[in-house]
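Student: I would like to take a close look at a single part of this protein. Could you walk me slowly through one helix and the places where other parts of the chain come up against it?

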Amino acid sequence: IAGYGALLTASTLAALLIGRYGLKLEGDALVSVSFLTLAFAQLWHVFNMRGRGSRTFRNAVTRNPYVWIAVALCTAILLLAVYVPPLASALHVVPPDRAGWTLVVAASMAPLLVGMLIGAFRAVMSRTSRG
């Protein structure tokens with residue numbers, strides 16, 4: 001739990017730093033990129049919650065239609081929060097530009113990819129130690 005928490009935190013802080021110093025974002029635009037990175041990273045994290053030894057892409061989580069419905073619904077809510085002016089105003093967020101969305105997608109997917117690599121490494125190590 002602590003490891004995944006650290007991954008989510010690191011990706012969000014990386015997006016904040018890259019947004020600020022790489023993309024020169026400020027104010028609401030920087031908050032928006034950070035908020036969306038954390039929110040989407042948490043959404044994608046559900047796919048790291050598969051059983052040990054299960055396949056990366058075909059497992060109980062990916063076969064559960066309710067997981068996909070929940071991810072789609074949460075994605076829609078996040079997009080509404082950013083693109084519906086009264087909601088965006090209340091949350092102090094603005095729609096990111098193309099570079100901002102690229103950063104959000106890349107940074108929010110990083111914990112998922114690292115989690116998959118860790119799972120694959122554990123599987124290989126487990127097979128190696130057994131035989």
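Tutor: What follows is a close look at helix 2 and its surroundings, beginning with the whole chain and then moving inward.

Please keep in mind from the start that this is a predicted model. The protein contains five helices and zero strands, and read from the N terminus its elements follow the order α-α-α-α-α. Along the principal axes, its C-alpha atoms fill a box of roughly 55 × 35 × 25 Å. Of the 131 residues in the protein, 33% are buried. If you take the contacts with a separation of 6 or more, 66% of them join residues that are 24 or more positions apart.

Let us now turn to helix 2 and its first partner. In general, two packed helices are described by the angle between their axes and the distance between the axes. Helix 1 covers residues 2-22 and helix 2 covers residues 27-45, and their axes come within 9 Å and cross at roughly 155°. Since an angle over 145 degrees counts as roughly antiparallel, helix 1 and helix 2 are therefore roughly antiparallel to each other. The crossing in which helix 1 passes helix 2 is right-handed. On the side of helix 1, the contact is made by Tyr4, Leu8, Ser11, Thr12, Ala15, Leu16, Gly19 and Arg20, while helix 2 brings Leu30, Val33, Ser34, Thr37, Leu38, Ala41, Gln42 and His45. Sorted by class, the residues of this contact are eight nonpolar, seven polar and one charged.

Two of the polar residues here deserve a slower look, namely Ser11 and Thr37. Ser11 belongs to helix 1, and with a relative accessible area of 6% it is buried. Apart from its neighbours within four places in sequence, Ser11 is in contact with Thr37, Ala41, Ala107 and Pro111. Thr37, for its part, is in helix 2, and because its relative accessibility is 0%, it counts as buried. When residues up to four places away in sequence are not counted, Thr37 touches Ser11, Thr12, Ala15, Val104, Ala107 and Ser108.

Next comes the second partner of helix 2, which is helix 3, made of residues 65-83. The axes of helix 2 and helix 3 are 10 Å apart, and the two helices pack at an angle of about 175°. That angle makes helix 2 roughly antiparallel to helix 3. Phe35, Leu36, Ala39, Phe40, Leu43 and Trp44 of helix 2 make this contact with Val71, Cys74, Thr75, Leu78 and Val82 of helix 3. The classes in the contact of helix 2 with helix 3 are 10 nonpolar, one polar and no charged residues.

We can now ask about the nonpolar interior. The largest nonpolar core has 23 residues, and those that touch the most other members are Val33, Leu36, Phe40, Trp44, Phe47, Leu78 and Val104. At least two residues of this core come from each of helix 2, helix 3 and helix 5, the last of these being residues 98-130. Helix 2 supplies the largest share, seven residues. Val33 shows what such a residue meets: leaving out residues up to four places away in sequence, Val33 touches Ala15, Leu25, Pro96, Gly100, Leu103 and Val104.

Finally, consider the loops on either side of helix 2. In the loop between helix 1 and helix 2 you find Lys24, which is exposed, with a relative accessible area of 59%. Although Lys24 is not a glycine, it has a positive phi of about 60°. In the loop between helix 2 and helix 3 you find Asn48, and this residue is buried, with a relative accessible area of 5%. Not counting residues up to four places away in sequence, Asn48 touches Tyr4, Pro111, Leu112, Gly115 and Met116. Asn48 and Pro111 are 63 residues apart in sequence, yet their C-alpha atoms are 8.8 Å apart in space.

To bring the picture together, helix 2 packs roughly antiparallel to helix 1 and roughly antiparallel to helix 3, and it gives the largest share of the largest nonpolar core.

Terms used: Residues are numbered from 1 along each chain as its sequence is written. This is a predicted model: local features need pLDDT of at least 70, side-chain atom pairs count only at pLDDT 80 or more; totals for chains, interfaces and linings use all residues. Side-chain values use heavy atoms; hydrogens and water are left out. Axes are lines fitted to C-alpha atoms, for helices over the stretch in contact, and angles run from 0 to 180 degrees between N-to-C directions. Helices (H or I, at least four residues) and strands (E, at least two) are DSSP runs, numbered from the N terminus. Angles under 35 degrees count as roughly parallel, over 145 as roughly antiparallel, 65 to 115 as roughly perpendicular and the rest as oblique. A crossing is left-handed if the near helix is turned anticlockwise from the far one by less than a right angle, and right-handed if clockwise. Contact means heavy atoms within 4.5 Å. Ala, Val, Leu, Ile, Met, Phe, Trp, Tyr, Cys and Pro count as nonpolar, Asp, Glu, Lys and Arg as charged, and the others, Gly among them, as polar. A nonpolar core is a set of buried Ala, Val, Leu, Ile, Met, Phe, Trp, Tyr and Cys residues joined through side-chain atoms within 4.5 Å. Buried means under 20% relative accessible area, exposed over 50%, partly exposed in between (1.4 Å probe, protein chains only).
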